[in-house]
Each structure stands twice: as structure tokens, then as C-alpha cells.
Amino acid sequence: VGQGLSVLVQTQTHNLLYDTGASWKQDKDTGNQILVPQLHRLGVQELNALLISHNDDDHSGGATSVLAQYPNTHLIGSLPADNPLWQQARYNSPCATGQNWTWDGVYFEILAPHPQDAVQYQLKDNDLSCVLRINGQNKWQILLAGDIEKTAEALLVQRHANKLPSTVIVAPHHGSKTSSTQALIDATQAKWVIYTQGYRNRFKHPHPDVVQRYQQAGAHALRSDATGGITLHFTAQGNLQIDTAR
């Protein structure tokens, strides 16, 4: 989705969309221009959950169009109370530590934010991102962490170090220098890191220091600006096949 994030997670009979990319113009956004057509192409008739990590446009900008197409989806989000998406969704709940569910033998768990963190630590939107861990029967794990930065990463490591080892991590905040601290990288021990950003983006994501840290930790890298869409196929045995759009 260019400079932004959107991840479709499919189990055998369920579909979850994590973030929806950006809005562009009044009537055009990543939702109606990219995501909904792609969901149709993949035969997704029911979207079981739409998880919006936080309020930034490059993560939530396409959500209105997705909800218009899938009005019965369950919206889970780390969003302000006055965000109009809450009113648009028929079913909704705030994102909070401890929420979990199992689909087709795949375990989903929300690791952050804690409901009291915003006040106690005066966290900004990025650090309130909804962190989702997906566990395929201990054969593989994926960590999706929105735009969390140093403060939220430190809390995550402090509270959930035993749940952070991951086969794949989507680099927090697109590989920004404000994120992917050494402590988080050490805790996740990821085999693969995915950087999601637009081609020649003005933020210069991912930052060279972040790229170097993951390299030194032994993580193989994928970049959406170089590969286009990235598809990960996990088998029940834990084998991984990677396909890219280019």
C-alpha cells in the first residue's frame, strides 16, 4: 500500500485485516483502490475482524471503505473515542492487552496497549499502537506492532518477553530510527523482518541503523518498496514459502 501498512491474515476459514493504508483524496483511498479489489480477487466474502493499530492516516485511512464493503466485520482498534470509525462499525471493541481468540488452530493475542498506559506513561498515538501476536501452534509466530516506539517497546519487553520470539516481525514504524530498539530485536529473535514503506519515501524509511541492527541479529529482510506485495504461506509443519508481487 505504499507509505503505510496493511496486512491480511488468513487462516483456513477466517480473515483478519490489520491496518488499511492511507487516504489520498476525498473519494479515493487505499481501501477502495487497493484493498477491497484485492480482497475480492482473493475471494474474501467475510472479513471476521478489522484491526486498526492506531489513529495515523497511513494505518487507518482506508478503513472507511473497507467497513463500507464489509459492514459486519468486528472493528478492534486503538483509536480515540470520537473517531467516526466506531460509529460506522456495527461491532467494535477497543484494543487492549489480554484479548485473545483462536481460529482454525491459530492463536491470536493482543499484547498492548494496556488500558492505563496512555495516562500513566503519557503515551502518544504511535506508542498506543495495538500489538498483535499470531501463533501457529508453536510452529511459527508473527508480530505486528503498528508504529510503537522506544517507550512502548520497553514496556512490551518488560511485560511479555516470553511471548515475543517470532518467526516474522513487521518492523515497527516502517523501520524508523525511533523504533526497533536492540532490546526488542533481542527479545523477538526474528528470522525475518519486513519493512513496509513507499518507494523513495520522504521519511527515508527504513533507517540504516535499524537495518544494521536486524542484520547483525541474523534476520533476513524483505522490503515492500522493492518487492511490492509480500505473501507468506505457512504450513501446519511450520514451513514458510514467500511470494512477492514483483
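This report covers the sheets, one helix, the salt bridges and a surface patch of a predicted model.

## The five-stranded sheet

Five strands make up an open sheet. Their order is β1-β2-β5-β6-β7, and the pairing is mixed. β1 and β7 (91–94) are the edge strands, each with pairing on one side only. From one strand to the next, the twist averages 20°.

Inside this sheet, β5 (residues 49–52) and β6 (residues 74–77) run parallel. Four bridges join them. Leucine 51 has isoleucine 76 in β6 as its bridge partner.

Proline 94 sits in edge strand β7. Its relative accessibility is 56%, so proline 94 counts as exposed; the cut-off for that class is over 50%. Alanine 81 lies 13 residues away from proline 94 along the chain. The C-alpha atoms of these two residues are 9.2 Å apart.

## The seven-stranded sheet

A second open sheet holds seven strands. The order runs β8-β9-β10-β11-β12-β13-β14, again with mixed pairing. Its edges are β8 (100–103) and β14 (220–223), and each of these pairs on one side only. Neighbouring strands are turned by 20° against each other on average, direction ignored.

One pair in this sheet is β9 (residues 106–112) with β10 (residues 131–135). The two strands are antiparallel and share five bridges. Glutamate 109 has arginine 133 in β10 as its bridge partner. In a regular strand, side chains alternate between the two faces of the sheet.

## The β15–β16 hairpin

β15 (residues 230–234) and β16 (residues 240–244) pair in the antiparallel sense. Five bridges connect them. Phenylalanine 234 is matched with leucine 240 of β16 as bridge partner.

The two strands form a hairpin, with five residues between them. Glycine 238 lies in the turn. Its phi is positive, at about 95°.

## Helix α8

Helix α8 spans residues 208–216. Its buried residues are Val210, Val211 and Tyr214. Seen down the helix axis, these buried residues fall within an arc of 100°, so they line one face of α8.

The other side of α8 has exposed residues. They are Pro208, Gln215 and Gln216.

## Salt bridges

Side chains of opposite charge can pair when their charged atoms come close. The model has four salt bridges, counted with a cut-off of 4 Å between nitrogen and oxygen. Three are described here.

Glutamate 109 and lysine 163 meet through their side chains, with an N to O distance of 2.7 Å. Glutamate 109 belongs to β9, while lysine 163 is in the loop between α6 (150–160) and β12 (168–170), so the salt bridge ties together parts 54 residues apart in sequence. Glutamate 109 counts as buried at 10% relative accessibility. Lysine 163 is partly exposed, at 26%.

Lysine 124 pairs with glutamate 149. Their closest N and O atoms are 3.1 Å apart. Lysine 124 lies in the loop between α5 (117–120) and β10, and glutamate 149 in the loop between β11 (141–144) and α6, so this pair ties together parts 25 residues apart in sequence. Glutamate 149 has a relative accessible area of 8%, so it is buried. The cut-off for buried is under 20%.

Arginine 223 forms a salt bridge with aspartate 225. The closest N and O atoms are 2.7 Å apart. Arginine 223 is partly exposed, at 32% relative accessibility. Aspartate 225 is buried, with a relative accessible area of 12%.

## A nonpolar surface patch

Val1, Trp24 and Ile34 make a nonpolar surface patch. The patch covers about 260 Å².

Valine 1 is in the segment before β1 (7–10). Its relative accessible area is 34%, so valine 1 is partly exposed. That value also fits the patch rule, which takes residues with over 30% relative accessible area.

Definitions and conventions. Residues are numbered from 1 along each chain as its sequence is written. This is a predicted model: local features need pLDDT of at least 70, side-chain atom pairs count only at pLDDT 80 or more; totals for chains, interfaces and linings use all residues. Side-chain values use heavy atoms; hydrogens and water are left out. Patches are made of residues with over 30% relative accessible area and no salt bridge: like charges are joined within 9 Å, nonpolar side chains (Val, Leu, Ile, Met, Phe, Trp, Tyr) within 5 Å. Accessible areas come from the Shrake-Rupley method with a 1.4 Å probe; for residues, only the protein chains shown count as cover. Buried means under 20% relative accessible area, exposed over 50%, partly exposed in between (1.4 Å probe, protein chains only). Two strands pair if DSSP finds at least two bridges between them. Axes are lines fitted to C-alpha atoms, for helices over the stretch in contact, and angles run from 0 to 180 degrees between N-to-C directions. The arc is that of the directions from the helix axis to the C-beta atoms.
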